[in-house]
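Trainee: I would like to go through this model with you, starting from charged side chains. Please reason through each answer before you give the value or name.

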Amino acid sequence: MSTPSSHFGLTEAQVLESRQKYGVNVLTPPEKEPLWRKFLGKFEDPIIIILIIAGLLSVGVACWEYFGLGHTATVFFEPMGILMAIFLSTGIAFYFEVKADRAFAILNQVNDDEPVRVIREGNTIEVPRRDIVVGDLVVIGTGEEVAADGELLEAISLKIDESTLTGEPICEKSVRPEDFDEEATFATNAVMKGTKVMEGHGLCRITAVGDATENGKVFEAAQIDDSVKTPLNEQLDSLGAVITKLSYVVAVFIIVGRLGLYFYHGGASAPLAETLSYGLQTLMIAVALIVVSVPEGLPMAVTLSLAYSMRRMLKTNNLVRKMHACETMGATTVICTDKTGTLTQNQMRVHEAQFYALAESEAMRPIVYEGIAVNSTASLDLSDPNAPRALGNPTEGALLLWLRGEGQDYVALKADATVLDELPFSTERKYMATVVRSAVNGRPMLYVKGAPEIVRALCTTVANGVDDVTIEAQLLDYQHKAMRTLGFACQELSEGEDAISNGQVTAKSLTFLGITAIADPVRTEVPDAIRTCISAGIAVKIVTGDTIGTATEIGRQVGLWQADDTARNIITGPDFAALSDEELEARIHDIKIIARARPLDKKRLVETLQKLGDVVAVTGDGTNDAPALKAAHVGLSMGDGTSVAKEASDITIIDSSFSSITRAVMWGRSLYQNIQRFLLFQLTVNVTACLIVLVGGFIGTQSPLTVTQMLWVNLIMDTFAAMALASLPPSESVMNDKPRPRTAFILVPNMRWRILGIGGFFFALLLGLILLFNRYDITSMTNLLSGHWAEANNGLSRYELSLFFSIFVFLQFWNMFNARAYATGRSAFHFKGCSGFVFIAMIILFGQIGITTFGGQMFSVMPLSLIDWMLIIGVTSVVMLLGEITRSRKS
């Protein structure tokens, strides 16, 4: 097919040469991490590393006991239990993330075989998008997606939607130097890959393809793994380091202390075999202490808490892809958000319609409605009647949506009127006009719509006698609010009268009907959500491709921009890019808005904030947001955003509501508290067990807690406790607190004192029981509580072991209720919304009774009587009652 253009385009040989030099027009997909590497990554957790070391030591001791000392195979229960803890924790985390990844395998493939019109060797032909090369002449038209970056050679009424790259929904393009916008993010005579032609048509010469395009640079930047450590990672790292150092120090202390005492009491003259046996026993005690000091249930607890929150957050429209994002949201100190589609609805709407003609006469209403319907190039997608969507020019689409809101069917209005002549909109004229045979009065009618000052200048009268001063005041008010304005006029024509001639309206008796103010409205929930964030100590920064005026007005509407804010609080993209790193660091916390921003400006903003110690969340819906989404601690994409943005994010806000982000913060803070509550519970168990092993190692008393019993406590019971504490619902009160410092230790001072105090109390109580059971023969709980004990030196009986084990477990059981009430300001008996906690607590209670009743030789226990159980549960519940008294005094 021949082309009317004088342009010849590339020859086939030039196409091949260009493709070889610049590559194909395809974005290089990111290299996927193999599943095996993703699984091995789970073993980098500091607590898992400690567990692996403890497991290896335990395996070594078990092998010595089995092969060297002839013990039974039960010695392998402990290392097997530790390995089980490792694989359960890593396996669950791996499973949930892989499952989320599969659920996220969405939409990021683009159709590279879509046909594109291109001029080659003087002919207009269609080639697949992937075959476009640098130098090609590409024809673009309404509704088409731009195939690659290019420089415009022709532009007729051309308007491009650049929102996926800059956030700007409509950009007027031109090849006339006088029309160039110096503040535009991308040049007025340039078009970008992935943007969409909303109106008009043009011809461009391709300047970049594939990865070299602006879209490609954004896509590539989105793949860079900055390996940002989350606050929880850092705090668990520091906790792991503390536990490791303490356990090793105490283990060395046991070895040095026991050997010192041994040689002090004449061990130097003892036979070598006896000395070696004593040394091995000392080493085994040290290893046992390291094993019991490691919170085996912690990785499982964290994993279960994150997995549970992941599932629950989905019900609040937060689809979590990366587990860590659940908790990291709670530590967020800064949210960087784009404007279009996140703070606003990304759909232009008529904010206010001032039709003076309607104030003059209601009879003019059909004329106004008809004028809007026929003098438009847009249309509405009504496939979902509850959510109509504008197609074509978004400003004109807003007028059709307004008509629909007025109860008018624009399709019927348009069909009833016969078009006689029309003049399309152009950037030179700044108005459009249509002549129709009106269905209202059967006469020829001229309808004009465009820039208010231009349309007003064409008119001889104004409806209802409104003066120009009033009109100008109204327009100025709208412009201050960064709204787009349109003016409307009409004239009844006589038969055969020419109203349009030589590309201009020539009618001389137009009446100015009124004006409309059009804006992309702020989502209704955003101002409240912004206020919640600010009151929670979270700074919000808007990064947008819009002008300073529009960005400032949106900032004002959402409650971010205040009357006392100055030029220091806002900056344009070019000025932002010109700042040195030192200048940016000095000013960054004052900046509230970046206008005319380019895609990588947001990424630099995020990285600078992170460098200064902030925990940064980024929201966005466009391809331009992807690099920042990837670089942030938490990337939040909108449910109606682009696939590239979703792929780069950690959480997708399904309902695209900013208020869902504040709920994610609430979940994150509550989740962190739940992890703290578990640590309060778990480390109390570990402190108690460590002290028993430590003191027992010096006084020669063997711990009455067997390996299998400790496995029940550390793995099964603690796992259930983790589930119980993770199931606690989020509390809105956490939003009254400021974000925790990133460097804060996860065990705050009052937690440390509680762990040491309660653990010490439990140890003293249990040590007293050990000494009592070693000296006296206890036959029932009634006998124990009566104080009438018969002396015996037979060691601990099976019954006494059962009693000790059950008392130990129930002390921890009731302490779990105290841990649950930590930082709530409520009673441990407050069970509203906590049915999951109560259910799991019952499992632990009956599980302990079941193990003691049926565990037999494996757990070194025997059944207890009903009276014993009632007394054990009743006496140990004093732990919770003391906690209730303490909490009531504080409140």
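Trainee: Is R117 buried or exposed, or does it fall in between?

Mentor: Keep in mind that this is a predicted model. Buried means under 20% relative accessible area and exposed means over 50%. R117 has a relative accessible area of 30%, so the class for R117 is partly exposed.

Trainee: Which residue forms a salt bridge with R117?

Mentor: R117 sits in strand β1 (residues 115-120), and the pair links distant parts of the chain, 27 residues apart. The partner is in the loop between β3 (137-141) and β4 (149-162). That partner has a relative accessible area of 27%, and is therefore partly exposed. With the closest N and O atoms 3.1 Å apart, the residue paired with R117 is E144.

Trainee: How many residues apart are R596 and D181?

Mentor: R596 and D181 form a salt bridge, with the closest N and O atoms 3.4 Å apart. R596 lies in the loop between β23 (593-595) and α20 (599-611), while D181 lies in the loop between β5 (168-173) and β6 (190-191). The pair links distant parts of the chain, and the separation is 415 residues.

Trainee: Which residue of that pair is buried, R596 or D181?

Mentor: The cut-off for buried is under 20% relative accessible area. D181 is at 36%, so D181 is partly exposed. The other relative accessible area is 11%, which makes the buried residue R596.

Trainee: Where do R556 and E553 lie?

Mentor: The side chains of R556 and E553 meet in a salt bridge, at 2.4 Å from N to O. The two are 3 residues apart, about one turn of the helix. Both therefore belong to one element, residues 548-557, which is helix α17.

Trainee: What relative accessibility does E553 have?

Mentor: Its partner R556 is partly exposed, with a relative accessible area of 44%. E553 counts as buried, and buried requires a value under 20%. For E553 the relative accessibility is 6%.

Trainee: How many salt bridges does the structure hold?

Mentor: In general, side chains of opposite charge can pair when their charged atoms come close. R117 with E144 is one such salt bridge, and R596 with D181 is another. The structure holds a total of 25.

Trainee: Which residues form the negative surface patch that includes D498?

Mentor: D498 is in the loop between β17 (484-492) and β18 (500-501). At 60% relative accessibility D498 counts as exposed, and patch members need over 30% and no salt bridge. The patch is formed by D421, E422, E497 and D498.

Trainee: How many residues of α20 are buried?

Mentor: The helix is mostly covered. Among the buried residues of α20 are charged ones, including D601, K602, K603 and R604. α20 is followed by G613, whose phi is positive, near 95°. Of the 13 residues in α20, the number buried is 10.

Trainee: What is the radius of gyration of the protein?

Mentor: The protein has 31 helices and 28 strands. For 891 residues the globule rule gives 29 Å, and the protein is well over that, so it is more spread out than a compact globule. Its C-alpha atoms fill a box of roughly 125 × 65 × 50 Å along the principal axes. The radius of gyration is 37 Å.

How values were computed. Residues numbered from 1 in each chain as written. Predicted model: local features only at pLDDT ≥ 70, side-chain atom pairs only at ≥ 80, totals over all residues. Heavy atoms only, no water. Patch = residues over 30% accessible without salt bridge, like charges linked within 9 Å, V, L, I, M, F, W, Y side chains within 5 Å. Areas by Shrake-Rupley, 256 points an atom, 1.4 Å probe, with all protein chains shown as cover. Salt bridge = Lys/Arg side-chain N within 4 Å of Asp/Glu carboxyl O. Charge placed at Lys NZ, Arg CZ, Asp CG, Glu CD. Helix = DSSP H or I, 4+ residues; strand = E, 2+ residues; numbered from the N terminus. Buried < 20%, exposed > 50% of the residue type's maximum accessible area, 1.4 Å probe, protein only. Rg over C-alpha atoms; globule rule 2.2 N^0.38 Å.
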